[in-house]
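I opened this notebook to keep track of what I looked up, going from the sheet to the helices.

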Amino acid sequence: MDVVYTHCCGLDVHKKSITACAITPEGKETKTFGTMTEDLLDLADWIVSKGCTSVAMESTGVFWKPVYNVLELKDLEVLVVNAKHIKAVPGRKTDVSDAEWIAQLLRHGLLRGSFIPNREQRELRESVGLRKSFIEERARQVNRLQKVLEGAGIKLSAVVSDITGVSGRAMLEAMVNGIEDPQVLTKLAKGRLKNKKDDLVQSLRGLVGPHQRMLIDTLLRHIDFLDQQIARLDEEVKERMRPFEHRIELLDGIPGIGRRNAEVIIACAGVDMSRYPSAAHFSAWSGVAPGNNESAGKRKSARSRKGNPLLKTTLIQSARAAAKTKNSYLQDQYHRIAARRGKNRAAVAVAHTIAVIVYHMLKTGKPYQDLGAGYLAKRRDNAVVRRNIKQLEALGYKVVLEVA
């Protein structure tokens with residue numbers, strides 16, 4: 001095989017140690033380093049001293065990140081490779097042999113690096129990911145609060161859509177302060193909720209003791225803390241997203257994608273679509289493209305790939321929201337597929353469509369134009385006519401078509 005990189009290095013990265021193998025025209029040399037920052041700086045200096053211009057390592061958990069950050073400063077070409085792509089031949093396996101195998105594959109150009117964005121985008125992605133985790137945690141705490149209320153016989157959620165809203169929160173705070181009279185609690189209702197006075201009285205009649213009040217108070221304080229952190233991260237993300245404001249407005253025009261989801265998409269995928277050869281590559285990288293598994297002419301189970309976890313869940317969440325947007329192409333697509341394949345497969349299919357739309361919008365800068373709910377039916381008008389004619393002829397009728 002041809003040698004692509006004359007000076008290269010393979011790294012076998014672990015939590016406490018890194019085995020490096022440098023291959024140059026002078027020969028092969030292997031050395032082990034620690035994973036502390038000082039050790040990583042020594043590793044970078046050693047790689048540079050050997051004249052290596054390219055480095056490859058497995059994407060092992062989060063252990064590759066500090067190594068990548070240090071090597072990035074040395075202007076080295078660093079490839080973070082999927083572990084599936086560099087599995088060694090079965091046999092004796094050691095850290096040294098793994099590092100040598102990675103270096104050999106890199107030397108002959110047999111490795112393909114994963115997409116690693118620049119430091120600014122990586123930091124933005126971390127902020128967006130942490131915010132999403134806090135939002136999910138807040139939802140869990142609200143569910144726990146609901147369980148405590150159900151245990152105390154308080155059926156507030158049967159009347160109030162959001163128990164942590166203005167009215168619900170005021171009633172819960174009053175309960176914590178020892179107010180148990182449903183008539184008094186009902187007076188705290190705001191807006192249209194005042195019209196449900198009788199239902200509120202019934203739902204607020206329960207058995208709230210000191211233990212329940214303590215749990216409610218604890219959960220409310222935790223929810224307040226999470227709200228503060230989410231707001232703080234919102235400001236951080238908003239500041240970092242200022243250069244991409246126009247792109248966020250573009251993506252916000254797609255049904256199911258709000259500002260937060262648009263921020264997640266840009267944080268994960270960036271705005272430069274030239275790094276993806278096509279919309280198919282982008283959707284596959286996102287993890288929402290259909291799998292391809294065929295053997296001997298038989299198509300087997302073809303699940304979607306793992307892809308980028310944060311981006312994949314965001315696209316599917318957007319697809320489920322788009323399914324509720326009336327008279328839209330995405331809603332029509334969702335319901336057509338859901339009737340045949342189920343809701344989960346329909347959500348992934350619509351997420352795939354959204355990924356393709358996002359790719360072309362970010363690439364061209366053109367706004368989204370909805371095709372409408374009847375687009376798919378119009379495309380299949382001829383097929384519908386043929387099918388109906390065939391069914392009528394099977395029943396013994398002779399069909400003559402005339403244009404109205």
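The entries below take the sheet and then the helices.

**Entry 1: the model.** I note before anything else that I am working with a predicted model.

**Entry 2: the sheet.** I looked up the strand order and found an open sheet of five strands, arranged S3-S2-S1-S4-S5 with mixed pairing. Strand S3 (27–33) and S5 stand at the edges, and each has a single partner strand, so one side of each is left without a neighbour in the sheet. I also noted the twist: neighbouring strands of this sheet are turned by 20° against each other on average, with direction ignored.

**Entry 3: the two edges.** At one edge I followed strand S2 (residues 18–24), which is joined to S3 by seven bridges, the two strands running antiparallel; in that pairing, Cys21 has Thr30 of S3 as its bridge partner. At the other edge, strand S4 (residues 54–58) and S5 pair in the parallel sense over five bridges, and here Ala56 has Leu79 of S5 as its bridge partner. To get from S4 to S5 the chain passes through helix H2 (residues 64–72), and this β-α-β crossover is right-handed. I then asked how many residues of strand S5 (residues 77–81) are buried, and I counted four of its five, which leaves the strand mostly covered.

**Entry 4: helices on the sheet.** H2 lies across strand S1 (8–13), S2, S4 and S5, and runs at about 170° to S4. Helix H3 (residues 95–107) lies across S1, S2, S3, S4 and S5, and runs at about 140° to S1.

**Entry 5: helix H10.** I turned next to helix H10 (residues 259–269), which is mostly covered, with nine of its eleven residues buried. Among the buried residues of H10 are Asn261, Glu263, Ile265 and Cys268. Which helices do the buried residues of H10 pack against? I found helix H4 (119–151), helix H8 (210–240), helix H9 (245–252), helix H11 (279–286), helix H12 (309–322) and helix H14 (343–364). H10 is followed by Gly270, whose phi is positive, near 80°.

**Entry 6: H11 against H14.** Two of those partners I looked up as a pair: H11 and H14 pack at an angle of about 125°, with their axes 9 Å apart. That angle makes H11 oblique to H14, and H11 passes H14 in a right-handed crossing. On the H11 side the contact is made by Ala279, Phe282 and Ser283, while on the H14 side I listed His352, Ala355, Val356, Val358, Tyr359 and His360.

Key
Residues are numbered from 1 along each chain as its sequence is written. This is a predicted model: local features need pLDDT of at least 70, side-chain atom pairs count only at pLDDT 80 or more; totals for chains, interfaces and linings use all residues. Side-chain values use heavy atoms; hydrogens and water are left out. Buried means under 20% relative accessible area, exposed over 50%, partly exposed in between (1.4 Å probe, protein chains only). Two strands pair if DSSP finds at least two bridges between them. A crossover is right-handed if, with the strands pointing away from the viewer, the path from the first strand over the helix to the second runs clockwise. Contact means heavy atoms within 4.5 Å. Axes are lines fitted to C-alpha atoms, for helices over the stretch in contact, and angles run from 0 to 180 degrees between N-to-C directions. Angles under 35 degrees count as roughly parallel, over 145 as roughly antiparallel, 65 to 115 as roughly perpendicular and the rest as oblique. A crossing is left-handed if the near helix is turned anticlockwise from the far one by less than a right angle, and right-handed if clockwise.
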